[in-house]
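User: I'm new to reading protein models and would like to learn how to spot a few features. Could you walk me through some?

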Amino acid sequence: MSEQLHVAIDARANLGAAGGVAEVTRGLVTHLYHLPPDAFRFSLIVDSAARDDLRAIMPDHCKLLPLQGEALPVRERELRLAGTQVAKRMFNFQDASATLQVNLLDATGPLRAAGVAAVHAPTQFTLDSDLPLLYHPHDLQHLHLPQFFSDDDLRHREVIYQYFCRAATIVPVASRWIADDVHRQYRVPLEKMPIIPFAPPASDRTPPTPAEVRAICERLQLQPGGFLLYPAAGWEHKNHIRLVEAAALLRAQGLTAPLMVFTGAFTPFSLRILERAAELNVTDCIRWGGYIAHRDLVLLYHLARGVVVPTKFEATSCPIYEAFAIGCPVACSTATSLPAQTAGGALLFDPDNSGEIASALFKLWSDAPMRDQLAARGREVVAQHTWESVVRRFGVLYRKAAGRPLSEADERLLATGPSV
């Protein structure tokens, strides 16, 4: 029997603040029990030992590993920066690449002292070390929609993303679209980027009890089946404003503008969304629930007439898979990998066309047979995306990164797992 492999997972992302990154990290940690304790043990890198949210979900062969960033040494690293349009503008060069010296927090000492053999970073903003690394850039939204980021954010993302994409042993991504984009922008070899879509983070599919229905409907002033749901923080690329404009178009045409419930963190940009709704006199069409607990989100998927995802950019969409898993019909944008992710299970629209969005909203709201067809196809699509498959494939990648030999079964699992 091979020696137990000790893997550290960067689990510092907090629910409610880090959006989908925190959700998929939580999903991964919850399902680590699929990797047996005689072969693996895990340390969850956290900023503080007071992470009861992780203690409640992690299996027995996990422990917390608190690392205080301010206590870590800083070391200088050399980075050959690929000349993306953003990098050239932010760092003022015109060649195909430029060399920078960057300072990074070095966690090598405490990780080696803990006996860690490999590190998994589901978060983009991870810690540097000399250990083998699995690094998720998730997506390069900042290169496609730089107007949504400050110059400081653009510089920071270009340095961090490019550095860790080069330093990592393996760069897992959630879709072929993202792999091709990272390859084109940063010249990361495709063979370094296995495509492993995450499973639905909200894996609790238990139908709501009557008491739960009463409680959440009273709190958010809802009726079962009387709303569409969009679970997304109020970031500009999530495109809430187009939904507001679509509601106004429907009302101007004399059609029903459905009530839309927005969940997710309330951000400064959320105020602009509310202001736009007031300008168009459709404030009554939206209800902002803010960030809600995991179980409450599951209840809303069960109670919604449909889910709408108008995003301008995603690696893959967690809410789409969550809705599919519960049987809630979906309308979503054609951005990035979403047409491949939905695979015929969603009503698609152009995220920049308020008229198309309005049409999709009306169909999703009013066409019950279509909703049934979408829900059935969505269940088929998501059925192949299980956390057991995700975690077992990462187990193979942990062994590969650490230099452990892979069996034929390991290679087959990587080659035949579900992709997008």
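Analyst: Sure, let's begin with a charge over a ring. A charge sits over a ring if NZ of Lys or CZ of Arg is within 6 Å of the ring centre and within 35 degrees of the ring normal. Keep in mind that this is a predicted model. Here, R305 has its charged end over the ring of W365, 3.6 Å from the ring's centre.

User: What about two rings together: how many aromatic pairs does a search of the whole structure find?

Analyst: The search turns up 13 aromatic pairs. Take F394 and Y398: their pair is stacked, with 6.4 Å centre to centre and 15° between the planes. Planes under 30 degrees apart count as stacked, so that label fits the 15° of this pair.

User: Where do F394 and Y398 lie in helix α16, and how far apart are they?

Analyst: First the general idea: an α-helix has 3.6 residues a turn, so residues three or four places apart point the same way. Helix α16 covers residues 387-401, and F394 and Y398 are 4 residues apart in it, which means about one helical turn separates them.

User: Is F394 buried or exposed?

Analyst: F394 counts as buried, at 0% relative accessibility. Y398 is buried too, at 1%. Both belong to a cluster linked by ring pairs, made up of F40, F42, F198, W387, F394 and Y398.

User: Which loop holds H385?

Analyst: Look between α15 (368-383) and α16: H385 is in that loop. H385 is buried, with 4% relative accessible area. Its side chain makes a polar contact of 3.1 Å with the side chain of Y321. Leaving aside neighbours within four places in sequence, H385 also touches other residues, including P197, P418 and V420.

User: Y321 is in α12, right? How many residues of α12 are buried?

Analyst: Yes, Y321 is among the buried residues of α12. In this helix (residues 318-326), 9 of its 9 residues are buried. At its start, a side-chain oxygen of S317 comes within 3.3 Å of the backbone nitrogen of I320. Just after α12, G327 has a positive phi of about 90°.

User: And how do I describe two packed helices?

Analyst: You give the angle between their axes and the distance between the axes. For α8 (residues 210-220) and α11 (residues 294-303), the angle is about 90° and the axes are 11 Å apart. That makes the two helices roughly perpendicular. Among the residues that meet are V213 and I216 from α8, and L299 and L303 from α11.

Conventions:
Residues numbered from 1 in each chain as written. Predicted model: local features only at pLDDT ≥ 70, side-chain atom pairs only at ≥ 80, totals over all residues. Heavy atoms only, no water. Phe/Tyr/Trp six-rings, centres within 6.5 Å; stacked < 30°, edge-to-face > 60°. Buried < 20%, exposed > 50% of the residue type's maximum accessible area, 1.4 Å probe, protein only. Polar contact = N/O pair within 3.5 Å; in protein donor to acceptor, adjacent residues only side chain to side chain. Contact = heavy atoms within 4.5 Å. Axes fitted to C-alpha atoms, helices over the stretch in contact; angles between N-to-C directions. Parallel < 35°, antiparallel > 145°, perpendicular 65-115°, else oblique.
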